[in-house]
Each structure stands twice: as C-alpha cells, then as structure tokens.
Amino acid sequence: MPVHLTGRMADMTPLMAIASKHALAVIEDSAQAIGSTYDGRMSGTIGTFGCFSAHPLKNLNAAGDAGFLVTADAEMAARIRRLRNHGLINRSDVQEWGLVSRLDTLQAEVLRIRLRHLPSVIERRRRNAAQYRTELAGLPLFIPPCRNIEFNTFHTFVVQTDRRNDFQKYLAGKGIETAIHYPVPIHLQPAAAHLGHGLGAFPVTERQADQILTLPINQFLSAADISYICAAAREYFA
Ligand SMILES: Cc1ncc(COP(=O)(O)O)c(C=O)c1O
C-alpha cells in the first residue's frame with residue numbers, strides 16, 4: 001500500500017516489480033495525490049486500486065467527508081459497489097455482509113462542480129511550490145525534490161530543518177501559520193504499542209518527524225504571500 005504523501009508519488013516502478021514478482025495486489029493511497037502523475041500515469045491507476053480522499057482539507061474537497069476509489073478490475077468494481085451498500089445486490093437481497101460507505105448525493109454534487117476547478121487549484125499550488133524552490137534556495141533547509149518522472153500536485157509543501165521548533169516559532173511571530181504532518185510516527189502511536197516498536201525502532205522516520213515543517217501552499221496565496229514567507233525564512237537563517 002504505497003502512500004503518495006504530500007502529493008508526491010511513491011516510486012512505483014520498483015514497487016510494482018516487487019508486487020508482480022510475488023503476485024500481490026497494490027492499493028495506492030492517493031488521498032493526498034489526486035492529479036499527480038508518475039512516468040505519465042495518473043496516481044491511483046498504476047496499482048490494482050487507487051483510493052482518494054475528498055475530505056475538506058484535500059485538493060479536491062467536498063463540503064464534508066467524502067472519498068472514492070478507482071480500479072480497472074470490473075469484477076472487483078462490482079464487488080466494491082456492493083460492499084459500500086450493505087452488500088445489497090438490489091433493495092432486498094444481501095449477497096455478503098458489507099459496509100455503509102456510500103458517497104452521499106449532495107457531496108457528489110459538490111465534487112462534480114469542484115472537479116472542474118481542480119486543474120487550476122493544482123496549477124496554483126505548483127506555482128507556489130516553484131516560487132518556494134527559487135526563493136528558499138541556498139538556505140539550510142531540505143526542500144522536496146522534483147524528478148522529471150513526477151508531476152507533484154503539492155497537497156503540502158514540507159521542508160526539513162534540525163531547528164524545526166525554533167523556526168516554526170519564528171514564523172508564527174511573523175503571522176505565518178505552519179503545521180507538522182505528522183508529529184507522531186505510526187509505530188509510536190498508542191494504538192500500535194502492542195507491536196512493540198519503541199523509540200529508536202525507525203530512526204529515519206523519527207528524525208524526520210522531528211525535522212518536518214509544512215509551509216503554507218494553498219491556492220489562495222499570492223506570489224507576494226509566498227515572498228513574505230520566504231523573506232521571513234531567510235531572515236531566520238541569517
Ligand atoms: C495519506 C492519507 N491516507 C488516507 C486518508 C484518509 O482519508 P479519509 O479520511 O477521507 O478516509 C488521508 C486523509 O486524511 C490521508 O492523508
């Protein structure tokens with residue numbers, strides 16, 4: 001289950017090779033990556049399934065909870081349509097126990113309209129990211145890399161610094177809201193305690209959790225806004 005975190009695609013070619021060698025299904029978590037591509041292929045269409053979130057914070061957002069999935073497997077698609085609605089095959093016959101996981105009509109209508117605006121949302125986020133890359137260049141900050149094979153839709157723009165907490169405080173003092181996606185790695189969540197992976201089990205993940213900082217990148221920010229943030233970052237590191 002590769003997760004295309006931040007809108008950046010996971011490296012699918014080696015993953016698909018492993019899956020094919022072992023006859024595994026691949027479920028792409030495209031919750032943050034609608035419209036992202038890898039080697040010319042849309043996020044969610046490379047694996048067996050692609051799952052999307054249209055939660056209000058996502059690039060394509062409903063006015064409440066919503067989501068959907070895609071698959072090229074017609075049999076699986078029919079089964080999932082059934083499972084999302086109690087396992088019903090008509091109004092009275094339950095073929096197998098299912099869930100209640102329907103996309104309600106009002107949310108579907110919001111998404112139908114918002115889908116038209118998705119390309120411009122993506123375009124503006126990519127423009128903001130490009131401006132960050134230019135104006136933050138040279139600072140002691142890790143900036144998300146961009147390989148030619150990837151089209152990143154920048155659900156978030158996550159930088160890394162070993163002075164993260166102090167840097168975040170400085171930006172807050174300038175009226176710049178930032179966030180940490182995400183502060184607690186999965187293996188350190190209380191829910192995962194029974195698996196026995198304590199602090200130190202995944203040092204790379206733990207180091208990143210301490211260094212990551214999400215800068216504002218939403219489509220409503222102007223070039224002047226991004227410049228203001230970059231100027232504050234340059235001031236801080238000076
Ligand atoms: C990477 C990732 N996977 C899954 C989800 C879950 O999406 P939803 O809450 O719409 O089911 C989210 C969103 O919160 C996400 O960011």
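How do the residues of the shell around the ligand divide into nonpolar, polar and charged? In this predicted model, the split comes out at 4 nonpolar, 2 polar and 2 charged. The shell itself is made up of Val 3, Asp 29, Ala 31, Gln 32, Ser 53, Lys 58, Ala 66 and Tyr 182.

Three of these side chains come with distances to ligand atoms worth spelling out. For Ser 53, a polar side-chain atom sits 2.5 Å from an oxygen atom of the ligand. Asp 29 has an N or O atom in its side chain at 2.6 Å from a ligand nitrogen atom. With Lys 58, the distance from a side-chain N or O atom to an oxygen atom of the ligand is 3.1 Å. As for cover, the ligand on its own has 400 Å² of accessible area, and the protein covers 57% of that.

Turning to the strands, there is an open sheet of 3 strands, ordered 3-2-6 and paired antiparallel. Its edges are strand 3 (41-42) and strand 6 (150-151), each of which pairs on one side only. Strand 2 (residues 37-38) runs antiparallel to strand 3, and 2 bridges join the two. Within this pairing, Tyr 38 stands opposite Arg 41 of strand 3.

Then there is Glu 123, which belongs to helix 3 (residues 105-135). Is Glu 123 buried, exposed or partly exposed? Its relative accessible area is 47%, so Glu 123 counts as partly exposed, the range between 20% and 50%. Along the chain, Glu 123 and Ala 19 are 104 residues apart, and their C-alpha atoms are separated by 33 Å.

Note on methods:
Residues are numbered from 1 along each chain as its sequence is written. This is a predicted model: local features need pLDDT of at least 70, side-chain atom pairs count only at pLDDT 80 or more; totals for chains, interfaces and linings use all residues. Side-chain values use heavy atoms; hydrogens and water are left out. Helices (H or I, at least four residues) and strands (E, at least two) are DSSP runs, numbered from the N terminus. Buried means under 20% relative accessible area, exposed over 50%, partly exposed in between (1.4 Å probe, protein chains only). A residue is near a molecule or strand if one of its heavy atoms lies within 4 Å of it. A polar contact is a pair of N or O atoms within 3.5 Å; within protein, one must be able to donate a hydrogen and the other to accept it, and residues adjacent in sequence count only if both atoms are side-chain atoms. Accessible areas come from the Shrake-Rupley method with a 1.4 Å probe; for residues, only the protein chains shown count as cover. Ala, Val, Leu, Ile, Met, Phe, Trp, Tyr, Cys and Pro count as nonpolar, Asp, Glu, Lys and Arg as charged, and the others, Gly among them, as polar. Two strands pair if DSSP finds at least two bridges between them.
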